[in-house]
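Me: I am new to this structure and would like a close look at a single part of it, set out step by step. Please begin with a sheet and then go on to the salt bridges.
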Amino acid sequence: MSIKVLISGASIAGPALAYWLGRYGFETTVVELAPALRGGGQAVDFRGRTHLTVLERMGVLDELRALDTGGSPMTFVDRRGRQLLRLPADFAGGDVEVPRGELAQVLHRRSLPHTEYLFGDSITALEETPTGVRVAFRNAAPSEFDLVIGADGLHSNVRRLAFGPEEDYVRHLGYYAATWQLPNYLGLPPGSVGLNVPGRLAAVGADHRDPTRAGAFFVFASTELRYDRHDVAQQKALIQDAFAGLGWEVPGLLESLRQAPELYFDSISRADVPAWSTGRIALLGDAACGATIGGMGTGTAVVAAYVLAGELARAGGDHRTAFARYEHTVRDYAQGCQKGGDRTGPFLAPGTATGLRVRNGLLNRRWILDRMLEMGKQVSSVDLPDYTTELSNAVASGVLGGGVAARHRR
């Protein structure tokens, strides 16, 4: 009998971890609150040698290159529609940029042969025992797993249940962001164009796959707001209030918001957890060291999943050794990437007219953009063990898989 691992979250980090664990012979289950894989969402990017190396070792790099959007140029305008700043596609797109929903589908497909998915369900209680973790679910029957991994994002349910309340670990960075889909009634090309005034950005751009569709992206400065994260109508009202009275195309975009069936709305925040594991429970991705936007969270999650699975396999399922090695290998790297999220709000929507002028003046110089791109690649690069080579012989010989569980329980 192999080691049973429960992963909470089926966005990016969860399926990536499930893929690697399945490859090493672990028995993996992923539980996800949503009724199905989430579609849509902003494009996400990978940049630098570390991201691309891990994707190549997963065998998905060529598939993602086929889905590459080519990057998304960004144009910032004033209330009269006059261009203030234009950022080229490679600034936001990295080496590979894909729609988040399509990335999730790729990782889900890759993990399916060795993973059970429980959609429309969530964990309600965790109780560690001498031999595992007893888990209660909202819908499924209770069950015991050897290990539980929280890969459920900035607002992690596993972190709340096993580590403590969210306010102990998540810090608001002074901004909120929203995205939704709408018809491309403006006839826009791919990329985005947005009104930029102090403390606010209202942007829209055509869908890369379907030119008849578009996506809105709004950012605004605000002190921390109290609202129901599951009340879409309340969230729409907050956005309407924040952008009331602006000109350009904003009134039409706000009208499209009223009709939008789905909305992403969240604070721009960061998560900082002093220790990423407790007993048999560990955190992965944004749950451990996240930033809502701009912290290279997608690439970091894929890298961290690769390391966590590799260390669990390398340690023969010994979670104490594996969790410690995983955190030692990834923490400094993840925190270095995460720092970019601290600057996202002020970058997209500087709080003052002076801040807008300074940003635009600097970034209208191509050499500064090139320097920022190079720094981003450096930050996102780290030397990692080649678990795929090291462990392939162990998997083939049966040292991993069924045998690992027996050693784990002795």
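How many bridges join S8 to strand S9, and do the two run parallel or antiparallel?

Reply: The model is a predicted one, and in it 5 bridges join S8 to strand S9, which covers residues 133-137, with the two strands running antiparallel. At one point of this pairing, Glu128 stands opposite Val133 in S9. Both strands belong to an open sheet of 3 strands, whose order is S8-S9-S10 and whose pairing is antiparallel. Strand S8 (123-128) and strand S10 (143-145) each have a single partner strand and stand at the edges, so one side of each is left without a neighbour in the sheet. On average, and with direction ignored, neighbouring strands of this sheet are turned by 30° against each other. As background, the strands of a sheet pair through backbone hydrogen bonds, and they do this either parallel or antiparallel.

Turning from the sheet to the charged side chains, the count comes to 15 salt bridges, and a few of them can be followed one by one. Arg47 forms a salt bridge with Asp45, and the closest N and O atoms of this pair are 2.9 Å apart. Arg47 has 10% relative accessibility and therefore counts as buried, because buried means under 20%. Its partner Asp45, at 22% relative accessibility, counts as partly exposed.

Another salt bridge is formed where the side chains of Arg57 and Asp386 meet, at 3.7 Å from N to O. This pair links distant parts of the chain, since Arg57 lies in helix H2 (residues 48-58), while Asp386 lies in the loop between helix H14 (366-379) and helix H15 (387-397), and the two are 329 residues apart. Arg57 counts as partly exposed at 24% relative accessibility, and Asp386, with a relative accessible area of 30%, is also partly exposed.

A further salt bridge is found within one helix, where the side chains of Glu255 and Arg258 meet at 3.2 Å, N to O. Both residues lie in helix H8 (residues 250-259), and they are 3 residues apart, which is about one turn of the helix. Of this pair, Glu255 counts as partly exposed, with 41% relative accessibility. Beyond such pairs, Glu63, Arg109 and Arg110 are joined into one network by salt bridges that share partners.

Terms used. Residues are numbered from 1 along each chain as its sequence is written. This is a predicted model: local features need pLDDT of at least 70, side-chain atom pairs count only at pLDDT 80 or more; totals for chains, interfaces and linings use all residues. Side-chain values use heavy atoms; hydrogens and water are left out. Two strands pair if DSSP finds at least two bridges between them. Helices (H or I, at least four residues) and strands (E, at least two) are DSSP runs, numbered from the N terminus. Axes are lines fitted to C-alpha atoms, for helices over the stretch in contact, and angles run from 0 to 180 degrees between N-to-C directions. A salt bridge is a side-chain nitrogen of Lys or Arg within 4 Å of a carboxyl oxygen of Asp or Glu. Buried means under 20% relative accessible area, exposed over 50%, partly exposed in between (1.4 Å probe, protein chains only).
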